[in-house]
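Here are some short exercises to work through with the structure in view. Try each one yourself before reading its solution.

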Amino acid sequence: MDQLARQSIEVPSWAYGNSGTRFKVFGTPGTPRTPEEKIADAAQVHRHTGLAPRVALHYPWDKVDDFAALGRFAEDHGVGLGTINSNTFQNDDYKFGSLTHTDPAIRRQAIDHHLQCIEVMNQTGSQDLKIWLADGTNYPGQGDIRGRQDRLADSLQQIYAQLGEAHRLVLEYKFFEPAFYHTDVPDWGTAFVQTLALGEKASVCLDTGHHAPGTNIEFIVAQLLRLGKLGSFDFNSRFYADDDLIVGAADPFQLFRIMAEVIRGGGLDAENGVVFMLDQCHNVEAKIPGQIRSVLNVQEMTARALLLDHEALAAAQESGDVLGANELYMDAFYTDVRPALAEWRASRGLSENPMAAFARSGYQEGINAARVGGTQASWGA
């Protein structure tokens, strides 16, 4: 339980805004209208689970006049501010790329945006600058693939050079979308070689929805931990592509296998610095309960993975006992840890059932009544 007690999961500010499919964004009662209201909602997740002490921000979606004051607002609500996520995918100038664009002026604009994010980090005390790029091409011959990699490396070097002593740059990858022929950072290998060239303060972000079907994600986890380059997770779940559904919804066993490799590689240890963050959209379900359910899913699969008998597993592996080794995995996965986790929460003054506790709290009904008028937060705000 000591390792379980060290687990914390960042929740994203944008999960509390309205979202939907690429065809429509759905509005819901009580949706936040300001970054402060997003943080207040996120604080409910930590209040009921004890698992979500930090809120990741998206810049400029969460832009305010005074980020230091926003940090104090978060502290007053019992949480802190975490990863700062940049945005180079909603500006017309970035139609053909941002950090990889052929036009030096547009590349400069994208670099300067990230320097603004670093200044936000200085004001909030955030550790990580996370970069996800929509850069890529849709047709063979549209762009110089190698040249785009060279320009990306140069742009990242300029950003990296401005990081503070306690800062990290975390580079996310995505298999496809919105670039369909090739994406400039499509896989963990590309993210790895780019961050390796930058230095020790650069690492890779693994989004669990950003892979081709059938990809062995836990292998990537093991490899990046082995290489010391796993900086963070974006947890979500997928049935087909980058669905951004509640983590563990589509394949709980995959989440278990991922957490088993995290534990095996020391990813829960503070010195490894792995940040566990959600990156999800709640299109049809209620947002705060959706986030509560998500962090509980991660905790549950972590608890199951902690039950693995590594001594017995090593013996089975070394002796070639294929079925015995697999049985140890399956026994841990099928163990119902929910009663033990309920006791664990009660021992820490938390509700045994956080979902039910939030429903009883009346918080949702309160914000539904109070947040009338104004512009609800959504994509881009």
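**Exercise 1. Surface and burial**

Work out how much area the protein exposes and what share of it carbon and sulfur atoms supply.

*Solution.* Keep in mind that this is a predicted model. Start with the area: the protein exposes about 16800 Å². Next comes the share, and carbon and sulfur atoms supply 52% of that area. Now look inside: 54% of the 381 residues count as buried.

**Exercise 2. Overall build**

Find out whether the radius of gyration of the protein agrees or disagrees with that of a compact globule.

*Solution.* First, take the expected value: for 381 residues, a compact globule would have a radius of gyration near 21 Å. Second, compare: the protein has 21 Å, so the two agree. Third, add the box: along the principal axes, the C-alpha atoms fill roughly 60 × 55 × 40 Å. Finally, consider what builds the protein, namely 14 helices and 12 strands. Among contacts between residues at least 6 apart in sequence, 77% join residues at least 24 apart.

**Exercise 3. Cysteines**

Count the disulfides, and explain why Cys281 is too far from the closest cysteine sulfur for a bond.

*Solution.* Begin with the idea: a disulfide is a covalent bond between the sulfur atoms of two cysteines. The cut-off to use is 2.5 Å between the sulfur atoms. By this rule the count is 0 disulfides. Cys117, for instance, is in no disulfide, and its nearest cysteine sulfur, that of Cys205, is 15 Å away. Cys281 cannot bond because its sulfur is 15 Å from the closest cysteine sulfur, in Cys205. As for their surroundings, Cys117 is buried at 0% relative accessibility, and Cys281 is buried at 16%.

**Exercise 4. Two residues in loops**

Decide for Arg22 and for His211 whether the residue is buried or exposed.

*Solution.* The cut-offs are under 20% relative accessible area for buried and over 50% for exposed. Arg22 has 62%, so this residue is exposed. Arg22 sits in the loop between β2 (19–20) and β3 (25–26). Leaving aside neighbours within four places in sequence, Arg22 is in contact with Glu177 and Trp379.

Now turn to His211, whose value is 8%, so this residue is buried. His211 lies in the loop between β10 (202–207) and α7 (217–227). Beyond residues up to four places away in sequence, His211 touches several others, including Tyr173, Phe175 and Arg238. As a last step, check a distance: His211 and Trp188 are 23 residues apart in sequence, and their C-alpha atoms are 9.4 Å apart in space.

Conventions. Residues are numbered from 1 along each chain as its sequence is written. This is a predicted model: local features need pLDDT of at least 70, side-chain atom pairs count only at pLDDT 80 or more; totals for chains, interfaces and linings use all residues. Side-chain values use heavy atoms; hydrogens and water are left out. Buried means under 20% relative accessible area, exposed over 50%, partly exposed in between (1.4 Å probe, protein chains only). Helices (H or I, at least four residues) and strands (E, at least two) are DSSP runs, numbered from the N terminus. The radius of gyration is taken over C-alpha atoms; the globule rule is 2.2 Å times the number of residues to the power 0.38. Contact means heavy atoms within 4.5 Å. Accessible areas come from the Shrake-Rupley method with a 1.4 Å probe; for residues, only the protein chains shown count as cover.
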